[in-house]
Amino acid sequence: MSIEELKKSVEEIIEEANKQYSNIDDEISLNEFKNNFLGKKSSLTSFFSMMKDVKSEDKKAFGEIVIKLKSVLNELYEKKRNEINEKKIDQRMKEEKVDISLPGREEKIGSKHPIKAVIDDIVSFMMSLGFSLKEGPEVETEVNNFELVNIPLDHPARDMQDSFSIDDNLVLRSHTSCIQARVMKEMRGDYPVKIICPGKVYRRDSDATHSHEFFQIEGLVIGEKVNMSHLLQTLTLLLKHIFGEKRQVRFRPSYFPFTEPSIEVDISCAECNGKGCHLCKNTGFIEVLGAGMVHPNVLRLNGYDDKKVQGFAFGIGVDRIAMLKYKIDDIKNFYSGDINFLRQFSKE
Ligand code: DAH
């Protein structure tokens with residue numbers, strides 16, 4: 001074959017290859033193309049086998065043309081192969097796509113237990129008045145729980161708080177007042193003291209409004225010239241914060257071993273607005289906490305000079321407050337762990 005003939009035939013092959021190239025749309029037609037133009041029976045392969053018969057002066061030119069043809073055909077083939085591969089990948093991506101627009105599984109968000117909500121509210125309010133948070137252990141010494149808050153061993157007031165004994169020296173604390181003794185000892189007679197102490201307490205008690213475990217919040221202030229009006233104002237602010245401005249606050253004289261004088265504090269009944277109903281037992285008021293001026297004995301027993309400083313203290317029953325605030329009629333709901341009860345306090 002002469003060079004001229006070869007050139008002509010190469011042109012025809014390229015023209016034909018381009019024609020077929022534009023029709024390739026899958027692997028089968030791609031393979032057909034490969035067989036036709038690059039395979040054993042292709043013109044390209046026959047040109048290579050013709051080489052040996054080409055005149056020696058034409059060999060170089062002939063070889064160059066054939067190699068050029070090979071690279072043109074190879075390029076076409078590779079280009080199409082890449083296109084088809086990309087198309088295949090795109091197709092798979094479409095088929096295997098994760099539809100992120102589907103709604104996910106919603107996380108269930110819990111809610112604050114009503115007792116915890118009341119504690120947090122009271123503690124943060126008292127902190128805004130300058131009180132700091134203190135805590136103590138639930139297993140307490142008999143001395144801290146009773147003796148150091150002016151309830152000696154044979155004192156009848158111990159009967160008011162029938163407690164759980166662990167041994168001769170340890171009890172499950174029957175009130176948060178024992179934290180007073182701990183803090184006063186820690187302060188070694190130093191003042192001012194202005195603390196708020198929430199915690200769980202235990203007593204042998206059980207009916208619709210009493211449980212063997214419940215929560216209290218103790219408040220204690222010690223300083224020079226601390227007097228009853230400070231106590232009354234602090235409690236009025238606190239109770240109006242909890243129950244609203246409209247509620248009346250009433251103070252009654254009472255008795256606690258650790259305070260002198262002692263008071264009990266009532267708020268006007270929200271149910272009947274002070275008129276009297278079943279909830280307030282027709283008194284128009286509901287008792288919410290005990291308080292008083294710290295007994296001089298308590299100050300002295302815990303290392304304070306009762307001639308120099310005075311104090312006031314109060315103890316709030318958190319469960320009582322939560323029952324009134326959320327209109328809950330049985331205290332056991334708080335400790336049942338019943339999810340349906342607790343969900344009512346969820347903010348969602
Ligand atoms: N500790 C008392 C109780 O558990 C509550 C109490 C009353 C605490 C008067 C006080 C207080 O600090 O001054 O019933």
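User: What makes the pair formed by a polar side-chain atom of His-175 and a nitrogen atom of the ligand a polar contact?

Analyst: In this predicted model, a polar side-chain atom of His-175 lies 3.1 Å from a nitrogen atom of the ligand, and because a polar contact is a pair of N or O atoms within 3.5 Å, this pair counts as one.

User: Which distances put Glu-218 and Phe-314 in polar contact with the ligand?

Analyst: For Glu-218, a polar side-chain atom lies 2.5 Å from an oxygen atom of the ligand, whereas for Phe-314 the partner is a backbone N or O atom, which lies 3.5 Å from an oxygen atom of the ligand. The cut-off is within 3.5 Å, so both pairs count as polar contacts. As for cover, the protein hides 92% of the 360 Å² of accessible area that the ligand has on its own.

User: Which residues come nearest to the ligand, and what classes make up the shell around it?

Analyst: There are 16 residues around the ligand, and those that come nearest are His-175, Ser-177, Arg-203, Gln-216 and Glu-218. By class, the shell holds 5 nonpolar, 9 polar and 2 charged residues.

User: Where does the ligand sit, and which elements give two or more residues to its shell?

Analyst: The ligand sits in the largest pocket, a statement that holds because more than half of its atoms lie within 2 Å of the grid points of that pocket. Strand 6 (213–223), strand 9 (285–294) and strand 10 (310–317) are the elements that give two or more residues to the shell.

User: What is known about the volume and the lining of the largest pocket?

Analyst: Its volume is about 780 Å³, and 32 residues line the largest pocket, with Arg-203, Phe-214, Gln-216, Glu-287 and Gly-317 lying nearest its centre. Elements that give two or more residues to this lining include strand 7 (249–256), strand 8 (259–268) and helix 10 (318–326), while the largest share, 5 residues, comes from strand 9. By class, the lining has 13 nonpolar, 12 polar and 7 charged residues.

User: How many residues line the second largest pocket, and which are closest to its centre?

Analyst: The second largest pocket has a volume of about 620 Å³, and of the 22 residues that line it, Leu-279, Cys-280, Ile-286, Arg-320 and Leu-324 are the closest to its centre. Strand 7, strand 9 and helix 10 each give two or more residues to the lining of this second largest pocket, which by class has 9 nonpolar, 3 polar and 10 charged residues.

Conventions. Residues numbered from 1 in each chain as written. Predicted model: local features only at pLDDT ≥ 70, side-chain atom pairs only at ≥ 80, totals over all residues. Heavy atoms only, no water. Near = heavy atom within 4 Å. Polar contact = N/O pair within 3.5 Å; in protein donor to acceptor, adjacent residues only side chain to side chain. Areas by Shrake-Rupley, 256 points an atom, 1.4 Å probe, with all protein chains shown as cover. 1 Å grid on protein atoms, 1.4 Å probe; cavity = no way out; pocket = protein on both sides within 12 Å on 5 of 7 lines; lining within 4 Å. Helix = DSSP H or I, 4+ residues; strand = E, 2+ residues; numbered from the N terminus. Nonpolar A, V, L, I, M, F, W, Y, C, P; charged D, E, K, R; others polar. Points joined across faces, edges and corners; volume = space filled by probe spheres on them.
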